[in-house]
Amino acid sequence: MPGRTVSRRQFLKHAGATTALLGLSEALVPQLAKALQELESGKPPVIWIQGQSCSGCSVSFLNSNYPMVAGLVLDELSVRFHPTLMAASGYKAIEAIEETARELEGRYVLVVEGPVPTKEGGEYCTFGVEKETRDLMGHTVPKDKPINEWMKELVPGAAAVIAQGNCASFGGIPGANAGVTGTTPVMDIVAKIDAKKPVINVGGCPSHPDWFVGSVLDALMWIKGKKGAPDLDRYKRLRTFFGTLIHENCERRASFDAGLFLEDWNDHSPDMKLCMFKMGCKGPVTYADCPTRRWNSGTNWCVGANAPCHGCAEPTFYEKLAPLYEPLPDVNFIGLSPAVDTLGWVAAGATAVGVGAHYLYKQLGKKPESPSEGGDE
Amino acid sequence: MKDRINVPGPARVMYRTYLAVLALVLYTGFDTFHPFLSGWRYPWSMSLAGVFNFYLCWILVLVAFVYLYYAILGRPKGWNEPLGIFRIFIGLLTIWFFLLTFAAYRPNGWLNGLVHVLGGPVGTFKLYELFLWVMLLVNVIYIYARWVKSERFPRLTSAGRTKKVV
């Protein structure tokens, strides 16, 4: 890396760590190093926009420590627009988007944090202004530009779209009552604009910095032809990060298997590491590598901190996994929502009553046996 | 007197195999998905129950397929056992139960389309639990109904045997 104070050894170490991050073989380290070096010279431009988001995924991204976020934002990527990170504001900031879209068409990566509201013309989420807008009196006034319009403008020229976080990927919390604002996941918006545009979903609320960094690098290497297409599951998530069930690798799996369940939050034995399934843990239905990757530089993760998994990496989060502190939701049957066990026991009771009643009916209604049938004695 | 019921040997063997495997599948299924109820519960036993449950289902579905073939296409002469339609229904239900089991255990497998239709892994998981009950109760009802249709009902032993004992 000429012109920078990074030794070859440091650079290869960085490439090796990135390879591990992506879950690739060590044999790919030289190829990845070369790809990163080429990316370095080209600095792939990134436009990061925010929809119905809380900026939590941006904050989580700032916790990225390897690669360091500063290096990632400034060196490996060229983040042209990020509403939280960038110094510029107002028209200057908006110009950065427009310039990037115009000058680097087909080369930039579009990162969208938060889903896109579509009702009321998308006015629930706007940034920047649309030009030549007139009010009722005929005066030319600036009009807020909905993110939906930005998507129509930016998606066609993007090399790939990254939906950052569960909300952007699947609707998440804003999507739990999607009817109010017409919350739409990013992939659905992109599909309407350009069905062939590659989209990678990064689940999580917030998403893990490694998941995001890994997804961006995977997409960039694919675009540059340095590796095959990203290995995605049916929800367009990288299998590297979302291929294993949390339950399988959970540090409290032994408690689940042994039937040792936490049943009261006031239980004074946190060191027992009791399974939190009965307290609403969604680990049995959530695909993510949290137990092994952990958060905050590998410090801990939700279950390790005595909090049940909320299933935030799943498409069913939040609506179908709520209430978060209740066991897995029940089956809806003709508008009722009894627990499966209750339903089962009621059906078993009905079966027993039915069988018993039939038996009694047959017994009571049975004709006395004739002497010829009873035997010869 | 009821007519003598003739059940061919292969059908008898298949049903006995089916019942034995079903009992294990239901036990391990409830044990795996309801570990909070009670009972046999150690780390090794739970994982063993999961493995048993998943792989025994294959035996169940194979028996169901063979039975359906035997009862529909390759039906032997002289088989006058009542409730044939009920057994075919149970065979079809078993195939569905197998698909549901597979989808619950391998939500990202080749049945991920079914998982999607059923509302994702959570819906599949809960429906599987529900169908554990359905399989149990349908088979209990069948056993009772078959007993009602048998020569021995309402006794547990046939009149002929009783006569001999007496």
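Of the 166 residues in chain B, 49% are buried. Keep in mind as you look around that this is a predicted model. Chain B is built with 6 helices and 0 strands, and its cysteines and surface are worth a closer look too.

**Fold of chain B**
- If you walk along the sequence of chain B, you meet the pattern α-α-α-α-α-α.
- Among the contacts in chain B with a separation of 6 or more, 73% link residues that sit 24 or more positions apart.

**Surface of chain B**
- The accessible surface of chain B adds up to about 8600 Å², and carbon and sulfur atoms supply 71% of that area.
- Look for a nonpolar patch on the surface made by B:Val51, B:Tyr55 and B:Trp58; together these residues have about 310 Å² of accessible area.
- You can find B:Tyr55 in helix 2 of chain B, which covers residues 43-73.
- B:Tyr55 has a relative accessible area of 47%, so this residue counts as partly exposed.

**Cysteines**
- Over all chains, the structure holds 0 disulfides.
- For A:Cys281, the nearest cysteine sulfur belongs to A:Cys309 and lies 5.1 Å away; a disulfide needs the two sulfur atoms within 2.5 Å, so A:Cys281 is in no disulfide.
- A:Cys281 is buried because its relative accessible area is 9%, and the cut-off for buried is under 20%.
- B:Cys57 is buried as well, with a relative accessible area of 1%.

Conventions
Residues numbered from 1 in each chain as written. Chains lettered and ligands numbered in written order. Predicted model: local features only at pLDDT ≥ 70, side-chain atom pairs only at ≥ 80, totals over all residues. Heavy atoms only, no water. Helix = DSSP H or I, 4+ residues; strand = E, 2+ residues; numbered from the N terminus. Buried < 20%, exposed > 50% of the residue type's maximum accessible area, 1.4 Å probe, protein only. Contact = heavy atoms within 4.5 Å. Areas by Shrake-Rupley, 256 points an atom, 1.4 Å probe, with all protein chains shown as cover. Patch = residues over 30% accessible without salt bridge, like charges linked within 9 Å, V, L, I, M, F, W, Y side chains within 5 Å. Salt bridge = Lys/Arg side-chain N within 4 Å of Asp/Glu carboxyl O.
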